[in-house]
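Hi everyone, thanks for coming. I'd like to walk you through one protein chain today, at an easy pace. Please have a look at it first.

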Amino acid sequence: RNKYVYINAEEFHRLAAEFTPKEIEDSFFLKEYQETSFLDKSSNSATFLYSTKNESLSLRRVDVLTVKGDVYDKVKSIYLEKNYTSGDTGYIKKLYWQPQRSFQLITQASPHSGAPQTEIINVVWDNREE
């Protein structure tokens, strides 16, 4: 069931804060995450993949896609994946950000007893076609 609502700036910032977890602080990120990158000449893009083997960290994966701009490369999208447990429930969060357009939060909750549940939140401020 889809539900569309307007949110205020405070709620926007609360939701967007998911994209700036403490794990991405420079010195910590450089120590705990490994980078893999590749260029795609057909689409003039570069992809940077970051992952960790440290299972105690909730942030498990970061993908950054860039495209060639007039002067410098531009970030086209950012994807983060978090895995963690709270109480008797395991969570997987998938976060996708398109700069100057929108972001999406998908939360999959899997309690030890009961059926798994998925919540999808789309926040859009520019839905024009590119």
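Let's start with one pair of residues: Q108 stands opposite T118 in β7. Their strands, β6 and β7, pair in the antiparallel sense over eight bridges. Two strands count as paired if DSSP finds at least two bridges between them. Helices (H or I, at least four residues) and strands (E, at least two) are DSSP runs, numbered from the N terminus.

A quick word on what you are looking at. This is a predicted model, where local features need pLDDT of at least 70 and side-chain atom pairs count only at pLDDT 80 or more, while totals for chains, interfaces and linings use all residues. Residues are numbered from 1 along each chain as its sequence is written, and side-chain values use heavy atoms, with hydrogens and water left out.

Now the whole chain. Its secondary structure comes to two helices and seven strands. If you read from the N terminus, the elements run α-α-β-β-β-β-β-β-β. Along the principal axes, the C-alpha trace spans about 50 × 40 × 30 Å.

How are the seven strands arranged? They form an open sheet in the order β1-β2-β3-β4-β5-β6-β7, with antiparallel pairing. At the edges stand β1 (34-40) and β7 (117-124); each has a single partner strand, so one side of each is left without a neighbour in the sheet. Neighbouring strands here are turned by 10° against each other on average, direction ignored. For angles like this, axes are lines fitted to C-alpha atoms, for helices over the stretch in contact, and angles run from 0 to 180 degrees between N-to-C directions. As general background, strands of a sheet pair through backbone hydrogen bonds, either parallel or antiparallel.

Further into the sheet, strand β3 (residues 59-67) and strand β4 (residues 74-86) pair in the antiparallel sense over eight bridges. There, L59 stands opposite K82 in β4.

What lies across β5, β6 and β7? That is helix α1 (residues 9-16), and it runs at about 60° to β6.

Let's go back to the hairpin of β6 and β7. Five residues sit between its strands, and G114 takes a positive phi near 110°. A115 belongs to the loop between β6 and β7, and it is exposed, with a relative accessible area of 55%. On that scale, buried means under 20% relative accessible area, exposed over 50%, and partly exposed in between (1.4 Å probe, protein chains only).

Now compare A115 with Q100, which has its place in the loop between β5 and β6. How far apart are A115 and Q100 in space? They are 15 residues apart in sequence and 36 Å apart in space, C-alpha to C-alpha. Q100 counts as exposed, at 68% relative accessibility.

Q100 also has a positive phi of about 65° although it is not a glycine. Most residues other than glycine have a negative phi. N44 shows a positive phi too, of about 55°, and it is not a glycine either. You'll find N44 in the loop between β1 and β2 (45-51), where N44 is partly exposed with a relative accessible area of 47%.

Next, let's meet Y96, which lies in strand β5. Its relative accessible area is 31%, so Y96 is partly exposed. The C-alpha atoms of Y96 and Y79 are separated by 4.5 Å, although the two are 17 residues apart along the chain. Leaving out residues up to four places away in sequence, Y96 touches F19, S77, I78, Y79, S102, F103 and Q104. Contact here means heavy atoms within 4.5 Å.

Is E32, by its accessibility, buried or exposed? At 16% relative accessibility, E32 counts as buried. This residue is found in helix α2 (residues 26-32), and it touches S51, T52, N54 and L57, again not counting residues up to four places away in sequence.

Let me finish with some totals. Of the 130 residues of the chain, 28% count as buried. Among contacts with a separation of 6 or more, residues 24 or more positions apart account for 24%. The chain exposes about 9,800 Å², with carbon and sulfur atoms supplying 49% of it; these areas come from the Shrake-Rupley method with a 1.4 Å probe.

That's my tour, thanks for listening!
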